[in-house]
Amino acid sequence: MCDSSQAHRVVVIGAGFGGLEVVHRLASAPVRIAIVDRRNYHLFQPLLYQVATASLAASEIAWPIRHLLRKRKDVTTVLAAVTGIDSAARQILLEDGGALAYETLVLATGARHAYFGHDQWEPYAPGLKTLEDAVTIRRRVLRSFERAERESDPERREALLTFAIVGGGPTGVELAGTIAELAHGNLAGEFRRIDTRKARIVLIEAGRRILPGFAESLAAYAHGALERLGVEIELGLPVDECTDSGVVIGGRKLSTKMILWAAGVQASSAADWLGVPADRANRIKAEPDLSVPGHPEIFVIGDTATIDAWHGEPVPGIAPAAKQQGRHVAATIRMRLRGDLRPRPFRYRHAGSLATIGKRCAIIDFGWIRLRGPIAWWIWGFAHIYFLIGLRNRVAVALSWLWIYVSGDRSARLITQGEPRPK
Ligand SMILES: Cc1cc2nc3c(=O)[nH]c(=O)nc-3n(C[C@H](O)[C@H](O)[C@H](O)COP(=O)(O)OP(=O)(O)OC[C@H]3O[C@@H](n4cnc5c(N)ncnc54)[C@H](O)[C@@H]3O)c2cc1C
């Protein structure tokens, strides 16, 4: 039997898709693991937009890390924010002044939204990356309808009923489609002074088409499906400014009280902690085996890493990529512990890309086959339920979706937590 106090010490920062996969794949290896996260839960980000648009409750897409790892006696869960790394002393530094020693370190700290150097836009154009973001967006969207109902000035009412979504990737498309369904379907008939079917949902994309990661034919189909839901799509126009009263695109102002930001990502601060080379989005440029340049004992995976391991192209920032990298790093750690120090290059295998456009419509690009419409939507739904953690959550989400599908009623339409009071 291995003396656990002598076992190799692995520290994983981040209990997202990548970090958790490392921990799962190291089960029964001769290691002691500490997993550190600033939140006490693992978040299923692909369904965040459903919390933001009142389809699912927050508790349906997040699970306490400690509970997920309750059977793993070799794993210690640490709730703390990491603020730095002392690589010479092989310690990570915590916000509360503490430190944690490692022999092998895995950086899996993800990314958050970015405003391309315009951080001052954030208060007017919240992004969607955390559960707090999703609840804030839900509150603001629902409150816009409530304020419009009581607004007597027609121009101000129109601005309250205009929703601008910046970014035509999967998140922007999903937000636009679901808000359109909410305004033009679910809420219609519930208000007395406003007609929510007249709400404008405007999707703004700087490129020449939406969904650049998908085949042109699927993106064109999604474009048409969004328009049928009543979404206006503005292409080829960069955002010049976001303010309290609206968004300026291509020199033209769209008056709105609700701008949602789904445009850029910025990796965590992991590159700064180590002072190692990073790309423009601050992702660490990983070595072929996913180690950090100059630090063979530190690995970097998921959204906070960049590596050209997809037939020479960069690996996409999606959950399956983070999981594959987590699996690869766990296998490398096991090999090293057996004395095999040969570098093992990581290769990414892309299973497919999925996006939903509304309640009964999705697109799927498997490469070898492309699907669209209701069939794609059912496959999308089953795939997401399969990847959720735990039977209870799978059943809860499946029932919520079935209920929305059959009745059109979104039960998570609660306005919780007030706007922060001005200081
Ligand atoms: C709105 C949205 C929709 C998406 N939709 C899809 C989709 O449909 N399909 C898909 O495949 N992918 C989707 N993605 C992308 C996918 O969620 C990410 O690629 C994936 O989560 C990356 O995994 P990760 O392990 O690198 O990071 P994450 O899952 O983001 O985990 C990072 C973890 O690190 C922790 N952390 C960060 N900094 C610190 C710190 N300083 N100290 C301690 N802990 C820290 C965080 O709390 C977090 O738990 C979506 C992302 C978003 C935001």
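Helices, such as the one that holds Gln50, are DSSP runs of H or I with at least four residues, numbered from the N terminus. The legends below describe close-up views of a predicted model.

**View 1. Gln50 in helix H2.** Helix H2 spans residues 48-52 and contains Gln50. Gln50 has 7% relative accessibility and therefore counts as buried, since buried means under 20% relative accessible area. Apart from its neighbours within four places in sequence, Gln50 is in contact with two tryptophans, Trp380 and Trp401, and with Ser55 and Leu56.

**View 2. The residue shell around the ligand.** The ligand is surrounded by 27 residues, of which Gly18, Asp37, Gln45, Val82 and Asp303 come nearest. By class, this shell comprises 13 nonpolar, 9 polar and 5 charged residues. At least two residues of the shell are supplied by each of helix H1 (17-25) and helix H9 (319-337). Helix H9 provides the largest share, with 3 residues.

**View 3. Backbone atoms facing polar atoms of the ligand.** A polar backbone atom of Gly18 is 2.8 Å from an oxygen atom of the ligand. For Gly317, a backbone N or O atom lies 3.1 Å from a ligand oxygen atom. At Arg38, a polar backbone atom is 3.2 Å from a nitrogen atom of the ligand. The ligand taken alone exposes 1,000 Å², and the protein buries 91% of that area.

**View 4. Thr332 in helix H9.** Thr332 has its place in helix H9, the helix that also gives 3 residues to the shell around the ligand. Because its relative accessibility is 3%, Thr332 counts as buried. With neighbours within four places in sequence left aside, the contacts of Thr332 are Phe299 and Arg344.

**View 5. The largest nonpolar core.** This core holds 69 residues, and those touching the most other members are Ile61, Phe145, Ile201, Leu203, Leu226 and Ile363. Helix H4 (residues 131-150) gives the most to the core, contributing 8 residues. A second, separate core of 53 residues has Ala29, Ile33, Ala270 and Ala286 among its members.

**View 6. The surroundings of Leu203.** Leu203 is one of the core residues that touch the most other members. Leaving aside neighbours within four places in sequence, Leu203 is in contact with the glycines Gly167, Gly168 and Gly172. Further contacts of Leu203 include Ile165, Val173, Ala176, Ile210, Leu226, Val231 and Ile233. Glu232 and Glu234 are also in contact with Leu203.

Key: Residues are numbered from 1 along each chain as its sequence is written. This is a predicted model: local features need pLDDT of at least 70, side-chain atom pairs count only at pLDDT 80 or more; totals for chains, interfaces and linings use all residues. Side-chain values use heavy atoms; hydrogens and water are left out. A residue is near a molecule or strand if one of its heavy atoms lies within 4 Å of it. A polar contact is a pair of N or O atoms within 3.5 Å; within protein, one must be able to donate a hydrogen and the other to accept it, and residues adjacent in sequence count only if both atoms are side-chain atoms. Accessible areas come from the Shrake-Rupley method with a 1.4 Å probe; for residues, only the protein chains shown count as cover. Ala, Val, Leu, Ile, Met, Phe, Trp, Tyr, Cys and Pro count as nonpolar, Asp, Glu, Lys and Arg as charged, and the others, Gly among them, as polar. A nonpolar core is a set of buried Ala, Val, Leu, Ile, Met, Phe, Trp, Tyr and Cys residues joined through side-chain atoms within 4.5 Å. Buried means under 20% relative accessible area, exposed over 50%, partly exposed in between (1.4 Å probe, protein chains only). Contact means heavy atoms within 4.5 Å.
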